[in-house]
Amino acid sequence: MWFSFWRSRDRLSLDELRYLTDQLQKVQIVNEFSKDFVIEALRSIAELLTYGDQHNPAYFEFFMEKQVMGEFVRILKVSRTHAVSLQLLQTLSIMIQNLKSEHAIYYLFSNEHINYLISYSFDFRNEELLSYYISFLRAISGKLNKNTISLLVKTQNDEVVSFPLYSEAIRFAFHEESMVRIAVRTLTLNVYHVGDDNVNRYITSSPHAEYFSNLVSFFRKQCIELNKLVSSTLKNPDPNSTSTILAAVDEIEDNLYYFSDAISAGIPDIGRLLTDNCLQLLILPLLLPSLRMDNVNGIEIGAVTSLYLLCCILRIVKIKDLANTIAAALFCPPEAYIPHFEAKPNGFTSGHGFTHESQLLDNNTAGEVDGECLRVTVSDMATSSHVHPQDLVTQNDCNGSHLALREALLCYITTGDDVQVLGSLSVLATLLQTKELDESMLDALGILPQRKQHKKLLLQALVGEGSDEEQLFSRGSNTVKDGTSTELDSYLQRLKEQYGVLCSFLERGTSPHVNRCQVLDALVSLFCRSNISAETLWDGGWLLRQLLPYSEAEFNSHHHELLKGSYKNCTSALLQEIRGVWPDLLITVLCDEWKKCKRVIEASSPRKDPKCILLPVQKSFSEDVISGESSFTAGDRMCESVKVFVLLLQLQMFSLGRVLPDHPPIFPPSNIPENSRARATGLDISGPKPGTELRLVDAVPCRIAFERGKERHFSLLAISMGTSGWIVLAEELPVNRQFGVVRVAAPLAGSNPRIDEKHSRWLHLRIRPSALPFMDPSKSGVYNKVKSKALVDGRWTLAFRDEESCKSAFSMILEEMNLQFNEVERRLRPLLDLERDSDFSNLSPRPPKALSSNTTASNSL
């Protein structure tokens, strides 16, 4: 029988299909002897039906007439080998995916054969078999619509009682193999987006609703693993740690996008189940308690990881109730969310809720303590007339456990390290940009911009709602009556009723005005900190820019004075950089950073992804080498100083309502004085390039060995031209000794000239690069590779004929350096003078005082 299978025949003909079906029906048992024929027959039948679907409907009519689907099921039953099961699943997957005829799909789904195959007890210890099975299920889900889905469910009294495709698939939702998990999620999304009401009730009712609680529990485990990874990296940095963390972050975000896709199907109960389970299993018991300032044993996740996860949840999972509940939860301290019971699925609790461990924080709490809840009193600072808004944040003990989470976020900004500050700013920025969050909740948190508040009150006044006109033009601390308090109270009530958390307010309620002042205080305090990186300060600048303009009662003279004080300190630091190692690049860096900072704080969204707070911090040169020994250290410091200086200047201009120019208001380059050394040597604006001829005016003969045992004779010149400057070694021309040819040129700034203490004819110079490596895109790759190593500057030791020649060369270098410094300071004078300009009203450059080109060299350099 088997040899006749190989007779010559058109393999795509209907006769071939008849022959294969006839031979398949004769198979009574599938063993090692017959499996090859059965496998080839199954594969060929799939190919023939796919061909017939596009060319001849008689193929599928024959398939239905001979009830070949029943033969497939029978073959599976009599098979004793995995190979046949694999081929059968592959055959059906190919058929389902490639058949275009709705009639054909209806036939395949219309009998119980598909459901039988879905529910069949395959041996999934064979990983390849599991892979084919999951592909089979996914292929079925790809053909689901409101008509076909009814063929795969069993109903009783118009209610779905069985749906094998869904129930069998979610068994593998948390398989260790990621491809299996992805396939199951694709299948479930295909089911959710069909929009069948009966199926929707089935998947959101017990026991299948447990899938969503299991989903959140699985996500919770991933969050804990991410935290372990981040903590391990902090303790033991590894070259591959960044890629490992990013891989874990990608999986975390993929999970959240799956939540979002499931919600987008428009099934209200799915949104409710995900909201309840996210709050009950993850956010309330795990993420929020970890935000406390003091360290507590037993917390499974760190504050930084928690801040990142809150940002991701708010940014990706678009559920209004979830966003507003999280915002309301920030008004309670972390102790309110530490559970003393095991949470049940789907957001239901057993008896007692979040019980308290300590006495109430306030003796004025209205009512008695509910035995099932922790009653937390959030004090209303607005009721104390003697408290100034600018003192609110500093009055709170940032290490106290009584702080509300909202205040803890502000304390991270005022006292936390760089990563904590960035994490807290990211949470506030994410809340500000969450469209699902009501504006009244933003107002309660103190991060609703004043312009939006005025717009809201104006609209209410236009429709004639009560005393809104008074509120619109009032600078007091009135609460919007039917707005902030009502919305916040409703979500606090929900926290009490559904999750057992109770936050009670004093009778007058919380004041948005006071809360806004607290946020402003924290941000202004941040800009006064010197131990926070410029990159993080820029993120704080973006947030402050979003909140402006404020009324004078909120962003007041005290805030302006603090900003001006910080700006004054930055001006002093900038003046030091002018006489530092990189003055020739300072203006270039400042102009570049001005444009970047303007783009950052005027952008519609923060420039950084919250995931950056989890990544290992790249060390700067200042951490790798001894300060003062390397120009690279000084370059990093100069760039940091410029970034902070630019930010503070732009923030002051914004806070005063000034228009920010596209370029910094600095003076243009001056003309080169006729009596300068650059003019005398005949140097043009392109600078001293090798091979250029110069007049050797004031040149000092010297010797230097660039290679061991090979000493060369040169003439030394120090030349400044505007903000640039060079140390030039030129060889005398044999014909005319008054001229020389440039052989070597090095930057004048940062040369740090020093006469040797033991050999008074020796002059030591430090030779730095002509550009900062991280500013040159062509060298950025090399820079990143060697950044972990200490880059070393070059060193020259010049020998002169006598001590007087050495001193003359030393004085010439100092003189030209001072000319260079003075020109940089002259061009920056409009910015430096702003510190003395009380109203920042005049940003146009004023004519500078004339600077003498013969400035006396200062040996105090």
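**Two helix contacts in a predicted chain**

The axes of helix H10 (residues 178-192) and helix H12 (residues 210-235) come within 14 Å and cross at roughly 140 degrees. The model is predicted. Its chain holds 32 helices and 12 strands. This briefing covers the H10 contact, then helix H26, then the chain.

**H10 and H12**
- The crossing of H10 past H12 is left-handed.
- H10 brings Arg181, Arg185, Thr188 and Tyr192 to the contact.
- H12 meets them with Tyr211, Phe212, Leu215 and Phe218.
- By type, the residues of this contact are five nonpolar, one polar and two charged.

**Helix H26**
- H26 runs over residues 557-578 and has 22 residues.
- From first C-alpha to last, H26 reaches 31 Å. That is close to the 32 Å expected at 1.5 Å a residue.
- Buried residues near the start of its numbering include His559, His560, Leu563 and Lys564.
- Ser566, Tyr567, Cys570 and Thr571 are also among the buried residues of H26.
- Leu574, Glu577 and Ile578 are buried in H26 as well.
- The buried residues of H26 pack against helix H24 (512-527) and helix H27 (583-602). They also pack against helix H29 (631-655) and helix H32 (803-833).

**The chain as a whole**
- The chain has 861 residues, and 53% of them are buried.
- Of the contacts between residues at least 6 apart in sequence, 73% join residues at least 24 apart.
- About 39,800 Å² of the chain is exposed. Carbon and sulfur atoms supply 48% of that area.

Technical notes:
Residues numbered from 1 in each chain as written. Predicted model: local features only at pLDDT ≥ 70, side-chain atom pairs only at ≥ 80, totals over all residues. Heavy atoms only, no water. Helix = DSSP H or I, 4+ residues; strand = E, 2+ residues; numbered from the N terminus. Buried < 20%, exposed > 50% of the residue type's maximum accessible area, 1.4 Å probe, protein only. Contact = heavy atoms within 4.5 Å. Areas by Shrake-Rupley, 256 points an atom, 1.4 Å probe, with all protein chains shown as cover. Axes fitted to C-alpha atoms, helices over the stretch in contact; angles between N-to-C directions. Left-handed = near helix turned anticlockwise from the far one by under 90°. Nonpolar A, V, L, I, M, F, W, Y, C, P; charged D, E, K, R; others polar. Expected span 1.5 Å × (residues − 1).
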